[in-house]
Amino acid sequence: MPPNEPGIHSTISPRFCGGNIDCKELVEGSILYLPIPVPGGMFSVGDGHALQGDGEVSTQAIECPMDVVDLTFTLIDDLNISMPRANTPAGWITFGFHEDLDEACFIALEGMLDLVEELYGYSRKEAYTLASLTVNMRITQIVNGTKGVHAILPHDSFIN
(Lines give C-alpha, C1' and ligand atoms only; values in the text may rest on other atoms or scores of the structure.)
Protein backbone atom coordinates (compact mmCIF):
# COMPACT_ATOMS: atom_id res chain seq x y z
CA MET A 1 0.00 0.00 0.00
CA PRO A 2 1.36 3.45 -0.78
CA PRO A 3 1.47 6.20 1.85
CA ASN A 4 -0.90 9.16 1.42
CA GLU A 5 1.84 11.54 0.29
CA PRO A 6 2.53 12.87 -3.20
CA GLY A 7 5.55 11.68 -5.12
CA ILE A 8 7.33 8.49 -6.00
CA HIS A 9 7.63 5.97 -3.16
CA SER A 10 10.32 3.33 -2.88
CA THR A 11 9.23 -0.29 -2.76
CA ILE A 12 12.40 -1.26 -0.89
CA SER A 13 11.58 -0.48 2.76
CA PRO A 14 8.67 -1.67 4.88
CA ARG A 15 6.38 1.00 6.33
CA PHE A 16 3.22 1.51 8.37
CA CYS A 17 0.99 0.65 5.40
CA GLY A 18 2.92 -2.35 4.08
CA GLY A 19 5.81 -2.04 1.72
CA ASN A 20 8.54 -4.67 1.57
CA ILE A 21 7.69 -6.80 4.62
CA ASP A 22 10.27 -9.60 4.57
CA CYS A 23 8.63 -11.82 7.19
CA LYS A 24 9.06 -15.55 6.67
CA GLU A 25 5.85 -16.30 8.62
CA LEU A 26 3.71 -14.67 5.90
CA VAL A 27 2.98 -17.94 4.11
CA GLU A 28 0.06 -19.57 2.36
CA GLY A 29 -3.06 -19.30 4.51
CA SER A 30 -1.98 -16.05 6.18
CA ILE A 31 -4.27 -13.07 6.45
CA LEU A 32 -2.42 -9.75 6.30
CA TYR A 33 -4.24 -6.67 7.59
CA LEU A 34 -2.97 -3.34 6.28
CA PRO A 35 -3.97 0.25 6.99
CA ILE A 36 -5.35 1.86 3.82
CA PRO A 37 -4.05 5.43 3.65
CA VAL A 38 -5.22 6.20 0.08
CA PRO A 39 -8.64 5.94 -1.58
CA GLY A 40 -8.88 2.76 -3.63
CA GLY A 41 -5.97 1.05 -1.88
CA MET A 42 -3.60 0.81 -4.86
CA PHE A 43 -2.17 -2.57 -3.69
CA SER A 44 0.83 -4.20 -5.35
CA VAL A 45 2.73 -7.39 -4.56
CA GLY A 46 6.18 -8.75 -5.40
CA ASP A 47 9.57 -9.83 -4.03
CA GLY A 48 8.86 -13.53 -3.52
CA HIS A 49 11.34 -15.44 -1.37
CA ALA A 50 11.94 -19.17 -1.63
CA LEU A 51 13.93 -19.05 1.61
CA GLN A 52 15.06 -16.51 4.17
CA GLY A 53 15.88 -16.53 7.85
CA ASP A 54 14.58 -14.28 10.59
CA GLY A 55 16.17 -10.89 10.28
CA GLU A 56 16.93 -10.70 6.58
CA VAL A 57 20.39 -9.19 6.88
CA SER A 58 21.26 -8.44 3.26
CA THR A 59 19.49 -8.29 -0.03
CA GLN A 60 20.41 -11.94 -0.63
CA ALA A 61 17.33 -13.90 0.37
CA ILE A 62 16.62 -16.58 -2.22
CA GLU A 63 14.42 -14.55 -4.55
CA CYS A 64 11.95 -16.49 -6.66
CA PRO A 65 9.32 -15.80 -9.30
CA MET A 66 5.71 -15.67 -8.18
CA ASP A 67 3.96 -17.20 -11.20
CA VAL A 68 0.73 -18.02 -9.37
CA VAL A 69 -0.41 -15.77 -6.55
CA ASP A 70 -3.96 -16.18 -5.24
CA LEU A 71 -4.98 -13.14 -3.19
CA THR A 72 -8.39 -12.28 -1.77
CA PHE A 73 -9.16 -8.72 -0.68
CA THR A 74 -11.74 -7.84 1.95
CA LEU A 75 -12.36 -4.31 3.15
CA ILE A 76 -13.00 -4.17 6.90
CA ASP A 77 -14.52 -0.76 7.55
CA ASP A 78 -14.36 -0.86 11.35
CA LEU A 79 -10.78 -2.14 11.72
CA ASN A 80 -8.72 0.76 13.04
CA ILE A 81 -5.02 -0.17 12.86
CA SER A 82 -1.97 2.01 12.42
CA MET A 83 0.51 -0.76 11.52
CA PRO A 84 0.26 -4.09 9.66
CA ARG A 85 -0.81 -7.20 11.52
CA ALA A 86 -1.36 -10.77 10.39
CA ASN A 87 -3.11 -13.97 11.34
CA THR A 88 -0.77 -16.75 10.21
CA PRO A 89 -0.40 -20.48 10.82
CA ALA A 90 2.33 -19.54 13.35
CA GLY A 91 -0.01 -17.22 15.29
CA TRP A 92 -1.06 -13.60 15.40
CA ILE A 93 1.68 -11.20 14.32
CA THR A 94 2.09 -7.47 14.82
CA PHE A 95 4.83 -5.46 13.13
CA GLY A 96 7.05 -2.54 14.02
CA PHE A 97 9.16 -0.64 11.49
CA HIS A 98 11.59 2.14 12.32
CA GLU A 99 15.17 3.21 11.59
CA ASP A 100 15.97 2.38 15.25
CA LEU A 101 15.62 -1.31 16.16
CA ASP A 102 14.53 -0.53 19.74
CA GLU A 103 11.73 1.70 18.44
CA ALA A 104 10.66 -1.01 16.00
CA CYS A 105 10.43 -3.43 18.97
CA PHE A 106 8.25 -1.05 20.96
CA ILE A 107 5.95 -0.44 17.98
CA ALA A 108 5.47 -4.19 17.43
CA LEU A 109 4.87 -4.76 21.15
CA GLU A 110 2.34 -1.91 21.39
CA GLY A 111 0.49 -3.42 18.43
CA MET A 112 0.43 -6.81 20.15
CA LEU A 113 -0.89 -5.32 23.39
CA ASP A 114 -3.67 -3.64 21.39
CA LEU A 115 -4.47 -6.96 19.71
CA VAL A 116 -4.53 -8.95 22.97
CA GLU A 117 -6.90 -6.36 24.45
CA GLU A 118 -9.16 -6.60 21.39
CA LEU A 119 -9.18 -10.39 21.06
CA TYR A 120 -9.24 -11.47 24.69
CA GLY A 121 -10.55 -8.48 26.64
CA TYR A 122 -7.53 -8.19 28.91
CA SER A 123 -6.61 -4.83 30.40
CA ARG A 124 -3.46 -3.13 29.14
CA LYS A 125 -1.60 -4.08 32.32
CA GLU A 126 -2.71 -7.72 32.04
CA ALA A 127 -1.77 -7.84 28.33
CA TYR A 128 1.66 -6.37 29.11
CA THR A 129 2.27 -8.91 31.89
CA LEU A 130 1.14 -11.84 29.73
CA ALA A 131 3.28 -10.68 26.80
CA SER A 132 6.47 -11.64 28.66
CA LEU A 133 5.10 -15.17 28.98
CA THR A 134 3.51 -15.71 25.57
CA VAL A 135 4.79 -13.29 22.91
CA ASN A 136 7.90 -14.00 20.86
CA MET A 137 9.74 -10.96 19.53
CA ARG A 138 11.65 -11.61 16.30
CA ILE A 139 13.74 -9.49 14.00
CA THR A 140 11.94 -9.30 10.67
CA GLN A 141 14.75 -7.55 8.83
CA ILE A 142 17.69 -5.25 9.27
CA VAL A 143 18.27 -4.66 5.56
CA ASN A 144 16.68 -1.87 3.48
CA GLY A 145 17.36 1.02 5.89
CA THR A 146 14.23 0.50 7.96
CA LYS A 147 14.49 -2.12 10.69
CA GLY A 148 11.60 -4.53 11.21
CA VAL A 149 10.44 -6.46 14.25
CA HIS A 150 7.46 -8.76 14.54
CA ALA A 151 5.76 -9.96 17.69
CA ILE A 152 4.17 -13.40 17.48
CA LEU A 153 1.39 -14.64 19.74
CA PRO A 154 1.00 -18.40 19.08
CA HIS A 155 -2.63 -19.43 18.61
CA ASP A 156 -2.60 -21.77 21.62
CA SER A 157 -1.39 -19.07 24.05
CA PHE A 158 -4.81 -18.41 25.61
CA ILE A 159 -7.97 -20.45 25.90
CA ASN A 160 -10.90 -18.22 25.03
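User: What does Glu 117 count as in terms of relative accessibility?
Analyst: This is a predicted model, in which local features need pLDDT of at least 70 and side-chain atom pairs count only at pLDDT 80 or more, while totals for chains, interfaces and linings use all residues. Residues are numbered from 1 along each chain as its sequence is written, and side-chain values use heavy atoms, with hydrogens and water left out. Buried means under 20% relative accessible area, exposed over 50%, and partly exposed in between (1.4 Å probe, protein chains only). Because the relative accessibility of Glu 117 is 26%, this residue counts as partly exposed.

User: With which residue does Glu 117 form a salt bridge?
Analyst: A salt bridge is a side-chain nitrogen of Lys or Arg within 4 Å of a carboxyl oxygen of Asp or Glu. The closest N and O atoms of the pair that includes Glu 117 are 2.6 Å apart. The partner of Glu 117 is Arg 124.

User: Which distant parts of the chain are linked by the salt bridge between Asp 114 and Arg 124?
Analyst: The side chains of Asp 114 and Arg 124 meet in a salt bridge of 2.5 Å, N to O. The two residues are ten residues apart, and helices (H or I, at least four residues) and strands (E, at least two) are DSSP runs numbered from the N terminus. Asp 114 lies in helix α1, and Arg 124 in residues 124–134, which form helix α2.

User: What is the relative accessibility of Arg 124?
Analyst: Asp 114 counts as partly exposed because its relative accessibility is 31%. Arg 124 also counts as partly exposed, because its relative accessibility is 28%.

User: Which residues are linked in a network of salt bridges?
Analyst: Side chains of opposite charge can pair when their charged atoms come close. In this model, Arg 124 pairs with Asp 114 and with Glu 117. The network links Glu 110, Asp 114, Glu 117 and Arg 124.

User: How many residues apart are Arg 85 and Glu 118?
Analyst: The structure holds five salt bridges. One joins the side chains of Arg 85 and Glu 118 at 3.0 Å, N to O. This pair links distant parts of the chain, Arg 85 being in strand β6 (residues 85–88) and Glu 118 in helix α1, and the separation is 33 residues.

User: Is Arg 85 buried or exposed?
Analyst: Its partner Glu 118 is partly exposed, because the relative accessible area of Glu 118 is 48%. For Arg 85 the relative accessible area is 7%, so Arg 85 is buried.

User: Which residues gather in a patch of negative charge on the surface?
Analyst: Patches are made of residues with over 30% relative accessible area and no salt bridge, like charges being joined within 9 Å and nonpolar side chains (Val, Leu, Ile, Met, Phe, Trp, Tyr) within 5 Å. Glu 99 is found in the loop between β7 (91–98) and α1 (101–120), and it counts as exposed because its relative accessibility is 55%. The negative patch is formed by Glu 99, Asp 100, Asp 102 and Glu 103.

User: What is the area of the nonpolar surface patch?
Analyst: Val 45 sits in the loop between β3 (31–33) and β4, and Val 69 in the loop between β5 (62–64) and β6. Val 69 counts as partly exposed, because its relative accessibility is 39%. These two residues make the patch together with Phe 43, Met 66, Leu 71 and Phe 73, and its area is about 550 Å².

User: At what distance does the side chain of Gln 141 reach the backbone nitrogen of Asp 22?
Analyst: Gln 141 lies in strand β8 (residues 136–141). Gln 141 counts as buried because its relative accessibility is 0%. The side chain of Gln 141 reaches the backbone nitrogen of Asp 22 at 2.9 Å.

User: With the side chain of which residue does the side chain of Thr 140 make a polar contact?
Analyst: A polar contact is a pair of N or O atoms within 3.5 Å; within protein, one must be able to donate a hydrogen and the other to accept it, and residues adjacent in sequence count only if both atoms are side-chain atoms. Thr 140 has its place in strand β8 and is buried, because its relative accessible area is 1%. The contact is 2.6 Å, and the partner is His 150.

User: What separates the C-alpha atoms of Leu 133 and Ser 157?
Analyst: Leu 133 is in helix α2 and is exposed, because its relative accessible area is 69%. Leu 133 and Ser 157 are 24 residues apart along the chain, and the separation of their C-alpha atoms is 9.0 Å.

Methods
Areas by Shrake-Rupley, 256 points an atom, 1.4 Å probe, with all protein chains shown as cover. Lys, Arg positive; Asp, Glu negative; His and termini not counted. Charge placed at Lys NZ, Arg CZ, Asp CG, Glu CD.
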